[in-house]
Amino acid sequence: MLTYSSIDSIEKQFSILAPSPLQKVEAGWTTFVDQNGIAHQIEVWCKRDDLLHKVISGNKWRKLAKPLQDFRQNPPSHILSFGGPYSNHLHALGYYCKQLNIKFTAVIRGAYLKDQTFNRTLQDLHNWNTNLVFVDKQTYQKRTDKNYLAKLQKEMNADIIIPEGGSQQDALWGMQTMIDEIIQANIGEPFTSILLPVGSGASMAGVVENCPPELAKQIIGIGSLQGEGYLETLVNQFLNKDTPYLSWHINHDFHFGGYAKSTAELDTFCKQFNQQQAKLDTPNKSKLDKSKLDTPLCIEPVYSGKCFFALKTLIQQGYFVPNSKVLVIHTGGLQGAR
Ligand SMILES: *Cc1c(COP(=O)(O)O)cnc(C)c1O
């Protein structure tokens, strides 16, 4: 168990691997053939935020970094948050609270889950002494309602409520640190596009808000759920409408039926990709980061798989012009795939 430290940063206490590695991706599908039959290789890079921490997954660490840093001044004794039964966010926060001996209440969507065998996410939370509160859909829908939250906070005697997914204005700060790391890695010409999966939109907003034109020409979110229009609204709520950001949009062609939905095609794609990556020679990987690059890239169908599948499809459709250089942000999330 850890205790709050006023000396060490929270990154140091939790042994966060920051900067996370930035590596070049080798895959069998990074080439497209134009009308003249000429093959063009698209340069693909990946920001390995999946390696930030062994339990606290990728963007969930980034999104929580600011509030957790702030807690050092005034440690809460009871945190409450919301999520679905496979939530990477609840899993990350549950682990954090366990390590610092903070009481944690997780309000979980699905009243029926109470009487079922726990999946591995819920089992971990249970083992970490999380107070699991299962609620039905209607109750869960009130998770952003101010009156409901005030009542819940009082009833549960929680010091602080963190919204679902850790998605709040504060979350953008952590995404800035990620952008700063990419800038520091200094890999030359700007990226043609940066791709990342979109759920609640806070991670995308953080990238849009902090990405300078020297780093990328545009940001493409890959919707991991059905939500044309809705996902854009979610991203926009975190942004300032008068600021001239880089060009960004969300592609809605790769949700595969909805949140956590998959198809045989997507499953196979992920499986084959993971097998190929596991076989690649370690010394062949990027020279940019010395740390942890022996961990092969691994994707899952909920977020990263949809993002890489989108990339493959866009490359093959000729969406990226010759000599493009594309960066995918691996937001983590491998725990949910267990
Ligand atoms: C939560 C999550 C996302 C979605 O991030 P948002 O900020 O909610 O859009 C993407 N990838 C992984 C692995 C996640 O756990």
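Select Ile-194 and Ile-219 to begin: Ile-194 stands opposite Ile-219, which belongs to strand 10. The model on display is a predicted one. Now extend the selection to residues 193–198, which form strand 9. Strand 9 and strand 10 are joined by five bridges and run in the parallel sense.

With this sheet in view, add residues 304–316, which make up helix 11. This helix packs on the sheet, where it touches strand 4 (43–48), strand 9, strand 10, strand 11 and strand 12 (325–330). Compare the direction of helix 11 with that of strand 12: the two make an angle of about 165°.

**Across the sheet**

Next, select strand 10, residues 218–223, together with strand 11, residues 247–251. These two strands are parallel, and five bridges join them. Within the pair, Ile-220 stands opposite His-249 of strand 11. To follow the chain between the two strands, select residues 230–236, which are helix 9. The path leaves strand 10, passes through helix 9 and arrives at strand 11, a β-α-β crossover that is right-handed.

Which strands form the open sheet, and in what order? There are six, arranged as 1-4-12-9-10-11, with mixed pairing. Select strand 1 (22–24) and strand 11 to mark the edges, for each of these strands pairs on one side only. From one strand to the next, the twist averages 25°. In general, strands of a sheet pair through backbone hydrogen bonds, in either a parallel or an antiparallel sense.

**A residue in helix 7**

Move now to residues 171–185, helix 7, and select Glu-181 within that helix. Is Glu-181 buried or exposed? Its relative accessible area is 13%, below the 20% limit, and Glu-181 is therefore buried. Display its surroundings: beyond the neighbours within four places in sequence, Glu-181 is in contact with Ala-18, Pro-19, Ser-20, Lys-47 and Arg-62.

**The whole chain**

Finally, select the entire protein chain, whose secondary structure comprises eleven helices and twelve strands. Along its principal axes, the C-alpha trace spans about 70 × 45 × 45 Å. The radius of gyration is 20 Å, which agrees with the value near 20 Å expected for a compact globule of 338 residues. Buried residues account for 55% of the 338. Of the contacts between residues at least 6 apart in sequence, 79% join residues at least 24 apart. With the surface shown, the chain exposes about 15,900 Å², of which carbon and sulfur atoms supply 48%.

Key:
Residues are numbered from 1 along each chain as its sequence is written. This is a predicted model: local features need pLDDT of at least 70, side-chain atom pairs count only at pLDDT 80 or more; totals for chains, interfaces and linings use all residues. Side-chain values use heavy atoms; hydrogens and water are left out. Two strands pair if DSSP finds at least two bridges between them. Helices (H or I, at least four residues) and strands (E, at least two) are DSSP runs, numbered from the N terminus. A crossover is right-handed if, with the strands pointing away from the viewer, the path from the first strand over the helix to the second runs clockwise. Axes are lines fitted to C-alpha atoms, for helices over the stretch in contact, and angles run from 0 to 180 degrees between N-to-C directions. Contact means heavy atoms within 4.5 Å. The radius of gyration is taken over C-alpha atoms; the globule rule is 2.2 Å times the number of residues to the power 0.38. Buried means under 20% relative accessible area, exposed over 50%, partly exposed in between (1.4 Å probe, protein chains only). Accessible areas come from the Shrake-Rupley method with a 1.4 Å probe; for residues, only the protein chains shown count as cover.
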